[in-house]
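This briefing addresses the fold, surface, pocket and salt bridges of one protein chain. Please view the sequence and the model together while reading.

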Amino acid sequence: MMRTWFMTMLVCLLALPAAAQQECIPVHAIDQEHLAFKSGEVLNLVLHYKWGAINSDVGKASISIDSTVVSGVSCYHIKLSARTARFYDVFFKVREGFESWVTCDGLRPVRFTRDTQENTYRATNKYVYRWDTDEPYVEANVYTSSIGAKLLALPVNSCTFDLPALFMVARNADFSRIEKGVPYPMSFLIDDDRFNVRFTLLGDDTRTFKGIGTIPCKKFAIEVVAGELFSGKEDLYMWLSDDGNRIPVWFEAPFKIGNVSGRMERVTGTRYPLKTTE
């Protein structure tokens, strides 16, 4: 159950607005100097769980962006990690690690790795994107404790991403082309499968943070299929800063048992000053 719980939080955090890439929003043509992020950015979030008498912060997540070179090509190296606090390790120990390499010019994914430990569950992914073929594919070396080890060739196109890569592209979506109230489908690869959700822009909102201030946001809803954790009657919600940075400052995920939320604790190294109001 916790495995699905943390994966869903990562889906909330990373995948939201890229759904508008049904036509593959022209982020690939955006000049590197005008992206919503830059090398050196670090975002820290606090993960919170509420159910009955339980109302507590249970862990933390972080996303960092650096520059590197892969096979002679300048790339961004994106790292995402999430972990439970030491006290909650007694009940369920979670260590999530995702890394992605995307080209600085065009944000095309190059490599992806995943290293996950959630109690007795383990998962590792190693993706290499093969774009220089007639039919591009991902060379995937996948292991999970539920499916075992697999070597796969997963078909991709110009709108296919892993989670961290999708996050980078999503932050450069053109809000002016996303219609309010219209659901947009999106998908991404993880393990040996493709995950599909739909998101809808709900409108303008604000979120207030201690020591930071009130941040104008765009609020989105994510439609979730009924299953192990979700009733299918409620959506997930995400707030993105309504400025040049498009920071995911808050999310809420109502489950069948309890409610999980994540809030920005600190962000440094942003390309633009974070927009706040009194």
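A nonpolar patch is built from nonpolar side chains joined within 5 Å, on residues that have over 30% relative accessible area and no salt bridge. In this predicted model, such a patch of about 270 Å² is formed by Trp51, Ile54 and Ile257. The points below cover the overall make-up, this patch, a pocket and a set of charged pairs.

**Overall make-up**
- The protein contains 3 helices and 14 strands.
- Of its 278 residues, 50% are buried.
- Among contacts with a separation of 6 or more, 54% are between residues 24 or more positions apart.
- The accessible surface of the protein is about 13100 Å², and carbon and sulfur atoms account for 49% of that area.

**Nonpolar surface patch**
- Which residues make the patch of about 270 Å²? Its members are Trp51, Ile54 and Ile257.
- Ile257 sits in the loop that runs between strand E13 (248-254) and strand E14 (259-268).
- Ile257 is classed as partly exposed because its relative accessibility is 35%, a value that also satisfies the patch criterion of over 30%.

**Second largest pocket**
- The volume of the second largest pocket is about 230 Å³.
- Two elements, strand E5 (109-118) and strand E6 (121-130), each give two or more residues to the lining of this pocket.
- Strand E6 gives the most to that lining, with 3 residues.
- The lining of the second largest pocket includes the charged side chains' bearers Arg108, Arg111, Arg130 and Asp132.
- Val70, Val73, Val110, Val128, Tyr129 and Trp131 are also among the lining residues, together with Ser71 and Thr103.

**Salt bridges**
- The protein has 11 salt bridges by the criterion applied here, and three pairs are described below.

*Arg171 and Glu41*
- Arg171 and Glu41 form a salt bridge through their side chains, at 2.6 Å from N to O.
- Arg171 belongs to the loop between helix H3 (163-170) and strand E9 (184-190), and Glu41 to the loop between helix H1 (2-15) and strand E1 (42-51), so this pair ties together parts that lie 130 residues apart in sequence.
- Are these two partners buried or exposed? Arg171 is buried because its relative accessibility is 3%, and Glu41 is buried as well, with a relative accessible area of 2%.

*Glu265 and Lys60*
- In the salt bridge between Glu265 and Lys60, the closest N and O atoms are 3.3 Å apart.
- This pair links distant parts of the chain, since Glu265 is in strand E14 and Lys60 is in strand E2 (residues 54-70), 205 residues apart.
- Glu265 is partly exposed at a relative accessible area of 39%, and Lys60 is likewise partly exposed at 46% relative accessibility.

*Asp204 and Lys218*
- The side chains of Asp204 and Lys218 form a salt bridge at 2.8 Å from N to O.
- Asp204 is in strand E10 (residues 193-209) and Lys218 in strand E11 (residues 213-223), so the pair ties together parts 14 residues apart in sequence.
- Asp204 counts as exposed because its relative accessibility is 61%, whereas Lys218 is buried, with a relative accessible area of 18%.
- Asp204, Lys218 and Asp242 are joined into one network by salt bridges that share partners.

Conventions. Residues numbered from 1 in each chain as written. Predicted model: local features only at pLDDT ≥ 70, side-chain atom pairs only at ≥ 80, totals over all residues. Heavy atoms only, no water. Helix = DSSP H or I, 4+ residues; strand = E, 2+ residues; numbered from the N terminus. Buried < 20%, exposed > 50% of the residue type's maximum accessible area, 1.4 Å probe, protein only. Contact = heavy atoms within 4.5 Å. Areas by Shrake-Rupley, 256 points an atom, 1.4 Å probe, with all protein chains shown as cover. Patch = residues over 30% accessible without salt bridge, like charges linked within 9 Å, V, L, I, M, F, W, Y side chains within 5 Å. Salt bridge = Lys/Arg side-chain N within 4 Å of Asp/Glu carboxyl O. 1 Å grid on protein atoms, 1.4 Å probe; cavity = no way out; pocket = protein on both sides within 12 Å on 5 of 7 lines; lining within 4 Å. Points joined across faces, edges and corners; volume = space filled by probe spheres on them.
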